[in-house]
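Q: I have a protein model open before me and would like to learn how to read its side-chain contacts. Could we begin with charged side chains and then move on to rings and cores?

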Amino acid sequence: MGTNETYTPDRLSGISAFVAAVDAGSFAGAAERLHLTRSAVAKRIGRLETRLGVRLFHRTTRSQHLTDEGQTFYLRCTRVLAELSEAEDELSAGAVTPRGKLRVTMPVQIGRQCIAPVLLTLAKTHSELRLEMAFSDRRVDLVEEGYDLAVRSGRLDDTPGLKARSLGEQTMLLCASPAYLTAHGTPQTAADLVGHERLMYGRGNNLYQWPALTVTPEATRRTPRFVLDDLVALVEAAEQGLGIACIPQWVAAQSMRTGKLVQLLANTYTPGTPLHLVWPDTRHPSPKLRAAIDALVSAAPALLGVPRTS
C-alpha cells in the first residue's frame, strides 16, 4: 500500500471525526468540536467503517457505544493523534525539550521507592513535562494501553515491537531477624537451611523461587507457611521473626541498617533479578522519552543498590 493511499486527508479526517465522536459522546458533540454538521461527521465515520470493514459503533435511536473493534481502534487512534501533536510541538521547540505527557507504568514497591523520585526530579527540571505514573505489578500491554515507558522486573519476554534497556540486576539477599536466629540458629551453609521457615513472595500458585545456589532440594520440599504478594509485608514478617526471607537489597537495606534484619550466607553468590526499561519501538523516540530513559539509567541503579550493567 503506497504512502499516498495510506495517509490521505480523507483518512485522517475520518479518524479525527471518530475520536471526537467517542470523546464527545455523540456525533452532534463531535460536530460542535470540529465545526462541522452532524451529517458531515456521520459521513466521515461511515466512510471509515466501510474502509475498515467493521462497525465501530453500536447505534440506536437513543444512544451509541463502541463495539469491541471500535474500542481497540480508538485506543490506537488516540495514541497516533497524540504522537502527531507531540511531533508538531517538538519541531516548534527544536526537537530537544522534553514536553507533553509521559505515561509510565511500574511495579508498586520499586516504583514508589526507586523510580518515581527520579521522574519527579526530571519533571522539576522540565516544566513542560507532564507525568502520569501507574503503580501496578500487572504486566501492561504498552501499545494497547497507551503507555510510553514501562519498568519491568524479571526476565523479559521476546515481544515484537518493543525496545528495552537494562537498569541492572537486583541483588537478592537472604535475611532474618536476630530473634528468629536466636531461636532457630544461624545457617552457615545452604544445607543448614533445611528445616527453616521460608517466607515466600508470590501470587496464587506462582512463587518466586529462591536462587538454586543458596537452597538445597531438601530445603524446598517443606511447604511454606507464609506466602505474601507484597514486599513490605514480607519484610515485616521477617522482622517479626516468622522466618527467613529472600528479598532485593534495596528492600532490605533500611531494616539491615537498623538491625531489624541480618543478612545470611553473605559469601554465597545469589543470582539477581533483572530490571529493565521497556518502550514501544519507534524510529525517532520523543525528547521526553529519551530524557526519562537517560535519567533512570543514570540515577536508578544507585537508588536500587544494584551493580550497573551496559
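A: Let us start with a pair of charges, keeping in mind that this is a predicted model. Side chains of opposite charge can pair when their charged atoms come close. Here glutamate 145 and arginine 138 form a salt bridge, in which the closest N and O atoms are 3.0 Å apart.

Q: Are these two partners buried, exposed, or something in between, and why?

A: Buried means under 20% relative accessible area and exposed means over 50%. Glutamate 145 has 30% relative accessibility, so this residue counts as partly exposed, and arginine 138, with a relative accessible area of 48%, is partly exposed as well.

Q: Which residues are joined into one network by salt bridges that share partners?

A: Lys101, Arg103 and Glu132 are joined in this way. Within that group, the side chains of lysine 101 and glutamate 132 meet at 3.6 Å, N to O, and this pair links distant parts of the chain, since lysine 101 belongs to strand E3 and glutamate 132 to strand E4, 31 residues apart. In total the structure holds six salt bridges.

Q: What sits over the ring of tyrosine 147?

A: It is the charged end of arginine 103, placed 4.1 Å from the centre of that ring.

Q: How many aromatic pairs are there?

A: The count comes to four aromatic pairs. In one of them, phenylalanine 18 and tyrosine 74 lie 6.4 Å apart, centre to centre, with 80 degrees between their planes, an edge-to-face arrangement. Phenylalanine 18 is in helix H2 and tyrosine 74 in helix H5, 56 residues apart, so that the pair links distant parts of the chain, and both residues are buried. Another pair has the rings of phenylalanine 27 and phenylalanine 57 with centres 5.6 Å apart and planes at 75 degrees, which is why this pair is edge-to-face too. Phenylalanine 27 lies in helix H3 and phenylalanine 57 in strand E1, so this contact ties together parts that are 30 residues apart in sequence. Phe18, Phe27, Phe57, Phe73 and Tyr74 form one aromatic cluster.

Q: How many residues does the largest nonpolar core have, and which helix gives the most to it?

A: The largest nonpolar core has 40 residues, and those with the most contacts inside it include Ile115, Leu149 and Leu296. Helix H12 gives the most to this core, with nine residues. A second, separate core of 17 residues includes Phe18 and Phe57, two members of the aromatic cluster described above.

Conventions
Residues numbered from 1 in each chain as written. Predicted model: local features only at pLDDT ≥ 70, side-chain atom pairs only at ≥ 80, totals over all residues. Heavy atoms only, no water. Phe/Tyr/Trp six-rings, centres within 6.5 Å; stacked < 30°, edge-to-face > 60°. Helix = DSSP H or I, 4+ residues; strand = E, 2+ residues; numbered from the N terminus. Buried < 20%, exposed > 50% of the residue type's maximum accessible area, 1.4 Å probe, protein only. Lys NZ or Arg CZ within 6 Å of the ring centre and 35° of its normal. Core = buried A, V, L, I, M, F, W, Y, C linked by side-chain atoms within 4.5 Å. Salt bridge = Lys/Arg side-chain N within 4 Å of Asp/Glu carboxyl O.
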